[in-house]
Amino acid sequence: MIARNSSFLIILSAPSGGGKSTLVNEVLKVAKNIEYSVSYTTRSPRGKEENGVHYHFVSEAEFLKRIDEGDFLEHARVFGNWYGTSKSFIKSRLAKNHHVILDIDVQGASLISATDIPYVKIFILPPSMQVLKKRLMLRATDSEEEIAKRIQIAKEEVTHIPKYDYLVINDELEKAVQDVLAIIRAEENRVCRYSHPCEDFINIGENQ
Ligand code: 5GP
């Protein structure tokens, strides 16, 4: 067989309220070779969020201890709370040849790009700022002040789009899911995902 080192990180960033979690859930339902990286955070659970499923909710003291122990592949402070990606989780899943999908902010995405772990970075954007505001208000989990803060931060976050490999407009969910799946499929077939395709191709069958 032509050997492929196909596993990589799928880094998704979007302004808060951009519909990213729904999109990620839909992608995970279809693609069985992808796992979700559950981040650690010091923020409190929102709505129906469950510990260990949506986030690992930890105290600030535990988070800082984990930073000291080198547990995070990246960590960043977002909206006044800490968020971090577990290094051991990522390494173990990539070693099993699974892709790992990460829902992280623009700072975390930059930090991971600087490592030698293969990745693809996708920015997810609602069709307009107006739609983003509407989605944040419909979510009804944040105060008016919090929503205003998230809108302000969204304006800064979109300036990072040029550093991403792909931009998916999340207008219709089904189309956005198909776009993300198409990107993953294309990325799997990049020449760099194969270790030595020419040699493998030539040798297959020759030695049998
Ligand atoms: P929320 O509190 O709305 O779930 O997430 C706030 C922001 O933190 C989002 O932009 C989300 O992508 C980001 N985030 C979630 N987990 C991580 C993480 O592990 N690392 C970083 N850098 N950002 C994260």
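Reader: Why is the sulfur of C198 not bonded to the closest cysteine sulfur, in C192?

Author: In this predicted model, the two sulfur atoms are 14 Å apart, too far for a bond. A disulfide is a pair of cysteine sulfur atoms within 2.5 Å, so 14 Å does not qualify. Looking from the other side, C198 also holds the closest cysteine sulfur to that of C192.

Reader: How many disulfides does a search of the whole structure find?

Author: Zero.

Reader: What makes C192 count as buried or exposed?

Author: Its relative accessible area decides: buried means under 20%, exposed over 50%, and partly exposed in between, with a 1.4 Å probe and protein chains only. C192 has 58%, so C192 counts as exposed. C198 has 52% and therefore counts as exposed too.

Reader: And why is F79 called buried?

Author: Its relative accessible area is 16%, and the cut-off for buried is under 20%. F79 sits in the loop between β5 (72-78) and β6 (81-86). Strands here are DSSP runs of E with at least two residues, helices are runs of H or I with at least four, and both are numbered from the N terminus.

Reader: What is notable about phi of F79?

Author: Phi of F79 is near 50 degrees, a positive value in a residue other than glycine. Most residues other than glycine have a negative phi.

Reader: Which loop holds N97, and what makes N97 partly exposed?

Author: N97 lies in the loop between α3 (87-95) and β7 (99-103). Its relative accessible area is 41%, so N97 is partly exposed. N97 is not a glycine either, yet has a positive phi of about 70 degrees.

Reader: How do you know whether the radius of gyration agrees with a compact globule?

Author: The radius is taken over C-alpha atoms, and the globule rule is 2.2 Å times the number of residues to the power 0.38. For 208 residues, a compact globule would be near 17 Å; the protein has 19 Å, which agrees. The C-alpha atoms fill a box of roughly 70 × 40 × 30 Å along the principal axes.

Reader: How many helices and strands are there?

Author: The protein has eight helices and nine strands. Of its 208 residues, 42% count as buried.

Reader: How are residues numbered, and which ones count?

Author: Numbering starts from 1 along each chain as its sequence is written, and side-chain values use heavy atoms, leaving out hydrogens and water. As this is a predicted model, local features need pLDDT of at least 70 and side-chain atom pairs count only at pLDDT 80 or more, while totals for chains, interfaces and linings use all residues.
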